[in-house]
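Biologist: I'm new to this one, so please pick a single spot and walk me through it up close. After that, show me what lies around it.

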Amino acid sequence: KIRIVTKTETKRLDIPVLAFAPPGLAMDIQFDPAVAEVALSGRAEALANITVDSIKVFVDCSKLNTPAAYELPLFVHLSSGTAVTTIVEPRTVKVIFGGKR
């Protein structure tokens, strides 16, 4: 019986929070906190090529239309097709939606 063991490593990166919103949105959007920590777990070779530029952390603001404060979940998009696990902290952020740009 052969057993293959793969060592898993973790890499942590601080990523600015972005808004997924309709083009031309004329309202200001602020996040608290404005930066999220993304923990990536996988093989060392898979983690080596992942940089801050290859990860996007965003909030779906596409359905917001009333100025207010909201608590919304964060989503992570990893641009490479690398097999890694992602965990984002915090899981939600306060979204302050309103005020003309």
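Modeller: Let's start with N65, which sits in the loop between β4 (55–60) and β5 (68–73). Keep in mind that this is a predicted model. N65 has a relative accessible area of 64%, and since anything over 50% counts as exposed, N65 is exposed. Its side chain joins that of T66 through a polar contact of 3.1 Å. Now hop over to V38: N65 and V38 are 27 residues apart in sequence, and their C-alpha atoms are 29 Å apart in space.

From the loop, step back to the sheet. Five strands make an open sheet with mixed pairing, in the order β6-β4-β1-β3-β7. β6 (75–78) and β7 (85–89) are at the edges with a single partner strand each, so each has one side without a neighbour in the sheet. From one strand to the next, the twist averages 35°. Inside the sheet, β1 (residues 9–20) and β3 (residues 35–42) run antiparallel, joined by eight bridges, and R12 stands opposite A39 in β3.

The aromatic rings are worth a look too. There are two aromatic pairs, counting rings with centres within 6.5 Å. F20 and F58 have ring centres 6.4 Å apart and planes at 55°, so this pair is tilted. It bridges distant parts of the chain, with F20 in strand β1 and F58 in strand β4, 38 residues apart. F58 also pairs with F75, this time stacked, at 5.6 Å centre to centre and 25° between the planes. F75 is in strand β6, 17 residues from F58. Together, ring pairs link F20, F58 and F75 into a cluster.

Notes:
Residues are numbered from 1 along each chain as its sequence is written. This is a predicted model: local features need pLDDT of at least 70, side-chain atom pairs count only at pLDDT 80 or more; totals for chains, interfaces and linings use all residues. Side-chain values use heavy atoms; hydrogens and water are left out. Two strands pair if DSSP finds at least two bridges between them. Helices (H or I, at least four residues) and strands (E, at least two) are DSSP runs, numbered from the N terminus. Axes are lines fitted to C-alpha atoms, for helices over the stretch in contact, and angles run from 0 to 180 degrees between N-to-C directions. Buried means under 20% relative accessible area, exposed over 50%, partly exposed in between (1.4 Å probe, protein chains only). A polar contact is a pair of N or O atoms within 3.5 Å; within protein, one must be able to donate a hydrogen and the other to accept it, and residues adjacent in sequence count only if both atoms are side-chain atoms. Rings of Phe, Tyr and Trp (its six-membered ring) pair if their centres lie within 6.5 Å; planes under 30 degrees apart count as stacked, over 60 as edge-to-face and the rest as tilted.
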